[in-house]
Amino acid sequence: MPDAPVRPRRRGRTTLLIAGAAVLGLVAGTCAGYLIQADRKPTKLPSLSQPALAQAEGKGPEPLSAAQDRRVKTDGDLRKLLLRKPSGATEADWLAADGWMSLAGYVGSFKRPGEAYSDLVGDEFRRAAVTGWRVGRTYSVEIRLIQFRQEEGMAASGSSDNGQYWAMDKEATDSWTIPGTGDGMAYVHTRPETKPGYLPLYSAEAQAWRGDIAMEIWVNDSKPIAKKTIMDLAKRQMERL
């Protein structure tokens, strides 16, 4: 047989009287203090005036240049930090013409958009800039800069970690550290995706971050992609950040 539930103990008159006495004691003590103070001479208060402080001379420090203050760069037009389309390449017709990617558009690239939307709102998604181009019939590049507000945490770093996790989750993947990025990584997926009626699709990607911006690069082609190709794109893009 299970034990009977323990009922809360009721507060009786004794408890209330003790509590009341404590309150009265506090009030009485305060009153006594006022009476004692009333019998004493007033205590002289210190002077309210303070010695004058000498004003510093000369000009204040110069503001940081854009090269020294990253916020000057990243709070401006984020699209200007993207790599330029190389000569001879064709603009990516699958991207918005204005170079911006909305939150809805970004989560649409995830396998589970609903979960991605919830996570990005929680991570304080701010905006995303995107560019891309095509060379010939099969080679294509897409670069995204995802910026976060980062008032609560390091969301850009977390976004890059998430991208790296899924990149390594693919079989037949080679990876290398991107120089100068700390923990940025480049990946080449050596096994193509195949679909009846279509050419094989090889892919490579790069995931890195700096400050409040996560960088994503995607390269696709019908033939294997060289390490040099993805590494060159990643290094040049990170230099612009």
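Rings of Phe, Tyr and Trp count as a pair if their centres lie within 6.5 Å. The structure examined here is a predicted model.

## Aromatic pairs

A search of the whole structure finds three aromatic pairs. In one of them, Tyr106 and Phe110 have ring centres 5.2 Å apart and planes at 85 degrees, so the pair is edge-to-face. Planes over 60 degrees apart earn that label. Tyr165 and Trp166 form another edge-to-face pair, at 5.1 Å centre to centre and 85 degrees between the planes.

A pair of aromatic rings is described by the distance of the centres and the angle of the planes. The table sets out both values.

| Pair | Centre distance | Plane angle |
|---|---|---|
| Tyr106 and Phe110 | 5.2 Å | 85 degrees |
| Tyr165 and Trp166 | 5.1 Å | 85 degrees |

How do the ring residues sit with respect to solvent? Tyr106 counts as buried because its relative accessibility is 2%. Phe110 is at 31%, so this residue counts as partly exposed. Tyr165 reaches 52% and therefore counts as exposed. Tyr106 and Phe110 also belong to one aromatic cluster, together with Phe125.

## Strand β3 and its partners

Phe125 leads to the strands. In β3, its bridge partner is Phe148. Strand β2 covers residues 125–135 and pairs with β3 in the antiparallel sense, over 10 bridges. The hairpin of β2 and β3 has three residues between the strands. Gly136 takes a positive phi near 70 degrees in this hairpin.

β3 also runs antiparallel to β7, and eight bridges join the two. Here Gln147 of β3 has Ile213 of β7 as its bridge partner.

How many residues of β3 are buried? The strand covers residues 139–148, and 10 of its 10 residues are buried. In a regular strand the side chains alternate between the two faces of the sheet. Both faces of β3 are covered. One side carries Tyr139, Val141, Ile143, Leu145 and Gln147. The other carries Ser140, Glu142, Arg144, Ile146 and Phe148. The buried set thus includes charged-type names such as Glu142 and Arg144.

## Helix α5

α5 has 15 residues. From first C-alpha to last it reaches 21 Å, close to the 21 Å expected at 1.5 Å a residue. Its buried residues are Ala155, Ala156, Ser157, Ser159, Ser160, Gly163, Gln164 and Ala167. What do these residues pack against? They pack against α3 (103–107), β3, β4 (173–177), β5 (185–193), β6 (201–210) and β7.

Ser160 lies in this helix, which spans residues 155–169. Its relative accessibility is 1%, so Ser160 counts as buried. Setting aside residues up to four places away in sequence, Ser160 touches Gln207, Ala208 and Trp209.

## Ser222 in its loop

Where is Ser222? Its place is in the loop between β7 (213–221) and α6 (227–240). Ser222 is partly exposed, because its relative accessible area is 23% and the cut-off for buried is under 20%.

Beyond its neighbours within four places in sequence, Ser222 is in contact with Thr138, Leu199, Pro200 and Tyr202. The side chains of Ser222 and Thr138 are joined by a polar contact of 3.3 Å. Leu201 is 21 residues from Ser222 along the chain, yet their C-alpha atoms are separated by 4.9 Å.

Conventions: Residues numbered from 1 in each chain as written. Predicted model: local features only at pLDDT ≥ 70, side-chain atom pairs only at ≥ 80, totals over all residues. Heavy atoms only, no water. Helix = DSSP H or I, 4+ residues; strand = E, 2+ residues; numbered from the N terminus. Buried < 20%, exposed > 50% of the residue type's maximum accessible area, 1.4 Å probe, protein only. Contact = heavy atoms within 4.5 Å. Phe/Tyr/Trp six-rings, centres within 6.5 Å; stacked < 30°, edge-to-face > 60°. Polar contact = N/O pair within 3.5 Å; in protein donor to acceptor, adjacent residues only side chain to side chain. Pairing = 2+ DSSP bridges. Expected span 1.5 Å × (residues − 1).
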